[in-house]
Amino acid sequence: MSDASLRVALKFANSKGLEALDEPTGKALLASFGIRVPAFRVIQDGEDMASIVRDLRSPYVLKVVSSQIVHKSDFGAVKVGLKDASQIAECMEAIRASLGSKGIRADRWLIEEMAPAGLECVVGGVIDPEFGPMVMAGIGGIFVEVMGDVAFRICPIDRVDALEMLTELRASSLFRGARGRDPVSVECIADVLLKIGGDGGVLMTCMDDMDELDVNPLIVAGNSAIAVDARFILRKRA
Ligand code: ADP
Ligand code: MG
């Protein structure tokens, strides 16, 4: 899809009253703003797995695409590190059976390349009723969930704002490689924050059609930052 037709897809999904964009559409929309996402394919039941994964690099990640699921891993519906098409097909059957027993239907499946291991960050934003678009950054796992260690700024932000947001996180020493980790580039996280919250970024451009964006995680390793999950919550209509 072209960049313009992706915006149309967002408007269309919104006008149909859907709650969220599906993950592949969300990722395509992020990619249209220059944010790196893993190479992926979407498959329907009955398609030939081997030909679909042929031009993806293993190991693969398999995920369910279902409008009934918000957190896929809560349902065991994400499998990483798969070696080949037959392993993917096996996992798909296991996930389908387990979801089926809970009354959940897989709409489609997402198969993608694995991002290199790195620091899992959280980026995104909200459209605040009072302040308008606000961009958000944090470090994944307990830092966001338990400690609420996140930074927000009103959009549009510039590079100085983006770097300040990262410095003000209580766990910011992790960027420098604390606790035996490899250091990661804050500049490349700032690049992503600008593509989300800067002038002409995702939030400024799509604010009329969305309420919230969650990229959890953005996996950062050295100088690369890859958005491996994307959830666009659409604007709630009165
Ligand atoms: P959930 O809906 O549960 O948030 P995610 O798509 O975020 O599902 O996947 C769960 C976890 O699996 C991520 O936090 C990440 O650790 C890992 N993961 C998912 N996709 C990839 C990928 N393409 N490369 C590497 N790790 C991944
Ligand atoms: Mg996620």
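This is a guided tour of a predicted model, arranged as a series of selections to make in the viewer.

**The two domains**

Begin by colouring residues 39-113 as domain 1 and residues 117-234 as domain 2, which are the bounds given by the domain assignment of the protein. With both ranges coloured, place a marker at the C-alpha centre of each, and the two centres will be found 27 Å apart.

**The magnesium ion**

Select ligand 2, the magnesium ion, and display its protein donors, which are Asn216 through its O atom and Asp229 through an OD atom, lying 2.1 Å from the ion. Asparagine 216 belongs to strand β8 (residues 210-221), whereas aspartate 229 sits in the loop between β9 (224-227) and β10 (231-234), so the two donors tie together parts of the chain that are 13 residues apart in sequence. The two also differ in their cover: asparagine 216 counts as partly exposed because its relative accessibility is 34%, while aspartate 229, at 19%, counts as buried.

Stay with asparagine 216 and look at the peptide bond that leads from it to proline 217, which is cis, with omega near 10 degrees. Proline 217, like the asparagine before it, lies in strand β8. As background for this step, most peptide bonds are trans.

**A network of salt bridges**

Keep aspartate 229 on display and add Glu23, Lys27, Lys63, Lys72 and Glu112, since these residues and Asp229 are linked in a network of salt bridges. Within this network, centre the view on glutamate 112 and lysine 27, whose side chains meet in a salt bridge with an N to O distance of 2.6 Å. Glutamate 112 is in strand β4 (residues 108-113) and lysine 27 in helix α2 (residues 23-32), so this pair ties together parts that are 85 residues apart in sequence. Are these two partners buried or exposed? Glutamate 112 is buried, with a relative accessible area of 2%, and lysine 27 is buried as well, with a relative accessible area of 0%.

**Further salt bridges**

The structure holds 20 salt bridges, and two others are worth a selection of their own. For the first of these, show arginine 170 and aspartate 149, whose side chains meet at 4.0 Å, N to O. Here the pair links distant parts of the chain, with arginine 170 in the loop between α6 (159-167) and α7 (186-197) and aspartate 149 in the loop between α5 and β7, 21 residues apart. Arginine 170 counts as exposed at 57% relative accessibility, whereas aspartate 149 counts as buried at 4%.

Next, select arginine 153 and glutamate 164, whose side chains form a salt bridge at 3.4 Å, N to O. Arginine 153 comes from strand β7 and glutamate 164 from helix α6, so the pair ties together parts that are 11 residues apart in sequence. In this pair arginine 153 is buried, with a relative accessible area of 18%, and glutamate 164 is partly exposed, with a relative accessible area of 41%.

**A second cis bond**

Now move to the loop between β7 and α6, where proline 156 is found. The peptide bond from cysteine 155 to proline 156 is cis, with omega near 0 degrees.

**A nonpolar patch**

Turn on the surface and select Ile142, Val146 and Met147, which form a nonpolar patch with about 290 Å² of accessible area together. Valine 146 lies in the loop between α5 (142-145) and β7 (150-154), and at 65% relative accessibility this valine counts as exposed.

**Two residues in the first helices**

Select asparagine 14, in helix α1 (residues 3-15), which is buried with a relative accessible area of 1%. Which residues does asparagine 14 touch, not counting residues up to four places away in sequence? Displaying its contacts brings up Asp208, Asp209, Met210, Leu234, Arg235 and Arg237.

Finish with serine 32, which is placed in helix α2 and counts as buried at 16% relative accessibility. Leaving aside its neighbours within four places in sequence, serine 32 is in contact with Asp3, Leu6 and Arg7.

Terms used
Residues numbered from 1 in each chain as written. Chains lettered and ligands numbered in written order. Predicted model: local features only at pLDDT ≥ 70, side-chain atom pairs only at ≥ 80, totals over all residues. Heavy atoms only, no water. Domains from an automatic or database assignment. Patch = residues over 30% accessible without salt bridge, like charges linked within 9 Å, V, L, I, M, F, W, Y side chains within 5 Å. Areas by Shrake-Rupley, 256 points an atom, 1.4 Å probe, with all protein chains shown as cover. Helix = DSSP H or I, 4+ residues; strand = E, 2+ residues; numbered from the N terminus. Buried < 20%, exposed > 50% of the residue type's maximum accessible area, 1.4 Å probe, protein only. Contact = heavy atoms within 4.5 Å. Donors = N, O, S within 2.8 Å, 3.2 Å for Na, K, Ca; no water.
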